[in-house]
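Got the viewer open and a selection box ready? Let's walk through this one stop at a time, picking residues as we go.

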Amino acid sequence: MEKGGLGLEITELRLGLPGTEKMMKKRGFTEMIMTSSGSNSDQCESGVVSSGGDVEKVNESPVAKSQVVGWPPVCSYRRKNSCKEVSTTKVGLGYVKVSMDGVPYLRKMDLGSSQGYDDLAFALDKLFSFHGIGVALKDGDNCEYVTIYEDKDGDWMLAGDVPWGMFIESCKRLRIMKRSDATGFGLQPRGADE
Amino acid sequence: MNYFPDEVIEHVFDFVTSHKDRHSISLVCKSWFKIERYSRQNVFIGNCYAINPERLLRRFPCFKSLTLKGKPHFADFNLVPHGWGGFVQPWIEALARSRVGLEELRLKRMVVTDESLELLSRSFVNFKSLVLVSCEGFSTDGLASIASNCRHLQDLDLQENEIDDHRGQWLSCFPETYTSLVTLNFACLEGETNLVALERLVARSPNLRSLKLNRAVPLDALARLMACAPQIVDLGVGSYEDEQDSESCLKLQAAIRKCTSLRSLSGFLEAAPHCLSAFHPVCHNLTSLNLSYAAEIHGSHLIKLIEHCKKLQRIGDKGLEVVASTCKELQELRVFPTDLQGGGNTAVTEDGLVAISAGCPKLHSILYFCQQMTNAALITVAKNCPNFIRFRLCILEPHKPDHVTSQPLDEGFGAIVQACKNLKRLSVSGLLTDQVFLYIGMYATELEMLSIAFAGDTDKGMLYVLNGCKKMRKLEIRDSPFGDAALLADVNKYETMRSLWMSSCEVTLGGCKRLARKAPWLNVEIINENDNNRMEENGYEGRQKVDKLYLYRTVVGTRVDAPPFVWIL
């Protein structure tokens with residue numbers, strides 16, 4: 001198994017005569033992630049590919065870690081379904097600017113590090129040391145602030161409407177706005193009847 | 001018993017249903033063998049290549065239910081190339097030609113085609129139940145045949161199959177007069193569903209007990225379906241995003257409240273977490289909860305849901321301490337990794353496992369993926385739960401030792417096999433030496449299935465297992481240093497086992513050939529994706545390591561449907 005010249009062959013756990021090829025499709029890590037987004041189940045199934053790797057090194061980043069065919073032993077059907085989830089979160093990776101009304105500077109946060117709206121709320125609270133944002137995200141009516149985001153089309157949207165995966169795919173920046181600035185825009189409290 | 005007429009004996013035999021017991025009965029005497037033969041209703045064939053349809057029909061001419069398994073277990077993890085085998089077509093053809101009144105067919109890891117399904121649907125008038133698990137090769141056209149032609153169908157249960165979804169109208173192929181549906185599971189279908197047809201089908205199925213939907217069934221449709229089927233016991237929710245439509249939400253809540261028989265919940269394939277609360281009113285009745293596909297449900301929502309589930313017996317999820325404190329009736333638990341690249345999932349460690357073992361005394365089956373483990377934790381788990389029947393532990397990183405002491409995990413697993421006297425299935429992982437196999441051979445007297453990966457030092461390891469575990473049926477080994485000496489030590493052992501799988505081990509072609517010569521009643525298959533001929537051509541023939549070996553006992557000799565990359569010695 002090639003390792004691109006890292007010279008780790010000696011420490012590599014190999015079974016088979018020198019020179020025998022491992023018989024599996026080899027694709028790089030990034031290639032696997034790029035092709036696994038969406039429908040092609042075939043590619044995703046064989047996705048966890050051997051790139052060799054020293055299995056004993058604990059400190060390596062996940063990308064460089066050993067990826068062996070069929071390991072961990074999660075059946076391909078389940079792998080495919082969790083692959084879909086991984087691909088949506090990875091696409092939304094990246095830092096977005098977050099502004100809060102009344103705060104003279106902006107912050108940046110990594111959407112990919114949050115697992116859902118709850119985590120986001122908590123992270124936003126921490127970012128600005130203000131315990132109201134999370135509440136605003138969950139049940140809007142009683143709170144001083146609303147959380148809005150700019151989507152791919154350039155429109156400003158109320159955060160929390162769409163599923164998390166869809167949200168992080170389209171969110172370009174976040175703004176925590178005073179509710180008083182938003183009145184007059186017909187913002188209904190979430191869950192109320194029309 | 002010999003003074004009773006045959007009909008009486010047969011009636012007594014009707015109460016004996018387990019395959020093992022029926023087999024024991026058949027061995028008592030010729031008379032019992034004959035009576036048992038003709039009265040056997042359910043046949044289980046664990047390896048479709050161990051026998052053929054003709055011999056099956058000769059022995060059991062009157063059976064009604066057949067279970068067939070095809071590919072080896074490691075096919076689930078992409079270790080068996082496409083096209084290896086496990087075709088159901090010859091079986092269905094043979095059964096169709098005979099007079100057998102087939103009512104139930106259960107297939108696992110087999111290749112099923114639309115042609116097979118069409119033939120099945122036309123050949124057996126009383127056909128009632130089709131269960132396909134981890135199968136592939138067919139499309140929704142095949143399902144359309146089943147729907148159209150099986151007048152008395154009760155169960156259509158599709159679990160984790162690869163189905164080519166032609167987005168057709170298979171659901172509307174159930175005739176309007178058809179009202180006998182009991183189980184419908186199409187969660188694994190990818191495409192759009194004809195919701196109108198589905199609603200009408202559910203509305204005219206008063207016996208419907210189990211309904212598992214796929215992604216494409218949204219919230220408002222779910223509300224209508226549940227309103228039609230308040231008698232439902234087992235529900236798999238599909239898509240669950242649109243909480244904004246408050247009218248649908250209210251309707252759903254009203255419908256759910258009426259489902260007082262609901263005991264099992266799964267799915268939530270695309271779920272906005274806020275919606276889970278709609279199910280809280282029925283949680284206290286749930287005995288089974290499977291959220292393993294609910295990728296978007298995290299933390300607090302999960303915990304709230306579980307807190308309501310006091311009667312839970314079967315669960316697959318991520319919130320362990322809550323489970324431990326709430327679910328005292330828990331019997332089965334599965335914890336899957338959220339991040340398969342091994343980067344995340346830091347929340348699942350040995351602490352979770354210990355908490356579960358302490359909190360859930362009835363636990364007997366566990367599948368647990370985690371980042372790290374210690375001997376101390378395993379010893380504690382063994383003390384807390386001596387009733388394990390299935391214990392499968394997967395530490396994500398191969399060869400990882402006890403993270404506190406840096407020792408191998410031999411003692412930990414040793415404690416498990418020593419304490420759990422009824423252990424039937426075991427999967428080991430982490431850093432392990434031959435010692436763990438000594439323990440397994442010594443103590444795991446009831447063990448039937450053992451999965452080994454990246455473990456052991458020498459052939460002694462495998463020998464301990466082969467010599468010690470008298471009830472071993474399936475042994476599967478990958479990436480471990482066991483070779484010819486272990487493979488050949490006791491050839492007759494393989495006659496007592498269903499199968500042996502060894503991949504990326506030290507077994508050589510010469511060794512396999514010797515085995516095949518010594519044991520003609522075994523099929524010894526070498527699976528070599530790249531080049532089967534290369535092995536013979538170059539001079540290292542005898543010493544060439546075999547990448548994948550799969551051997552199994554059979555009474556019907558070499559199979560005829562092997563693809564070119566499978567070499568049967």
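## Stop one: a cluster of rings in chain B

Select B:Tyr49, B:Phe74, B:Phe77, B:Trp84, B:Trp501, B:Tyr550 and B:Tyr552, and show their side chains: ring pairs link them into a cluster. Keep in mind that you're looking at a predicted model.

Now add B:Arg559. Its charged end sits over the ring of B:Trp84, 4.4 Å from the centre. Swing round to B:Tyr49 and you'll find B:Arg559 over the face of that ring too, at 4.4 Å from the ring centre.

## Stop two: B:Asn523

Next, pick B:Asn523, in strand 21 of chain B, which covers residues 522-527. Buried or exposed, would you say, for B:Asn523? B:Asn523 is buried, with a relative accessible area of 2%.

Show what surrounds it. Beyond its neighbours within four places in sequence, B:Asn523 touches B:Tyr550, B:Leu551, B:Tyr552, B:Thr554, B:Gly557, B:Thr558, B:Arg559 and B:Ile568. You've already met some of those names: B:Tyr550 and B:Tyr552 belong to the ring cluster, and B:Arg559 is the residue lying over B:Tyr49. For a polar partner, look at B:Gly557, whose backbone oxygen lies 3.2 Å from a polar atom of the B:Asn523 side chain.

## Stop three: helix 8 of chain B

Select residues 195-203 of chain B, which is helix 8, and colour its buried residues: B:Ala197, B:Leu198, B:Glu199, B:Leu201 and B:Val202. What do these buried residues pack against? Show strand 8 (183-185), strand 9 (210-212) and helix 9 (219-228) of chain B, and you have the answer.

Before leaving, zoom in on the start of the helix. There, a side-chain oxygen of B:Asn194 reaches to within 3.2 Å of the backbone nitrogen of B:Val196.

## Stop four: the sheet in chain A

Switch to chain A, which has seven helices and five strands. Going from the N terminus, the order is α-α-α-β-β-α-α-β-β-α-β-α. Of its 194 residues, 45% are buried.

Show the strands as a cartoon. The five of them make an open sheet with mixed pairing, in the order 2-1-5-3-4. At the edges are strand 2 (107-110) and strand 4 (156-158), each paired on one side only. Neighbouring strands in this sheet are turned by 30° against each other on average, ignoring direction.

Now focus on strand 1 (residues 95-100) and strand 2 of chain A, which run antiparallel and are joined by four bridges. To see a bridge pair, select A:Val98 and its partner in strand 2, A:Arg107.

Then bring in helix 4 of chain A. This helix lies across strand 1, strand 2, strand 3 (145-150) and strand 5 (173-178), at about 150° to strand 2.

## Last stop: two ring pairs

Across all chains, a search of the whole structure turns up 18 aromatic pairs. For one of them, select A:Tyr117 and A:Phe167: the pair is tilted, with 5.3 Å centre to centre and 45° between the planes. Because A:Tyr117 lies in helix 4 (residues 117-128) and A:Phe167 in helix 6 (residues 164-170) of chain A, the pair ties together parts that are 50 residues apart in sequence. Both A:Tyr117 and A:Phe167 are buried.

To finish, hop back to the chain B cluster for B:Phe74 and B:Phe77, a tilted pair with 5.8 Å between centres and 50° between the planes. B:Phe74 and B:Phe77 are both buried as well.

Terms used: Residues are numbered from 1 along each chain as its sequence is written. Chains are lettered from A and ligands numbered from 1 in the order in which they are written. This is a predicted model: local features need pLDDT of at least 70, side-chain atom pairs count only at pLDDT 80 or more; totals for chains, interfaces and linings use all residues. Side-chain values use heavy atoms; hydrogens and water are left out. Buried means under 20% relative accessible area, exposed over 50%, partly exposed in between (1.4 Å probe, protein chains only). A polar contact is a pair of N or O atoms within 3.5 Å; within protein, one must be able to donate a hydrogen and the other to accept it, and residues adjacent in sequence count only if both atoms are side-chain atoms. Contact means heavy atoms within 4.5 Å. Rings of Phe, Tyr and Trp (its six-membered ring) pair if their centres lie within 6.5 Å; planes under 30 degrees apart count as stacked, over 60 as edge-to-face and the rest as tilted. A charge sits over a ring if NZ of Lys or CZ of Arg is within 6 Å of the ring centre and within 35 degrees of the ring normal. Two strands pair if DSSP finds at least two bridges between them. Axes are lines fitted to C-alpha atoms, for helices over the stretch in contact, and angles run from 0 to 180 degrees between N-to-C directions.
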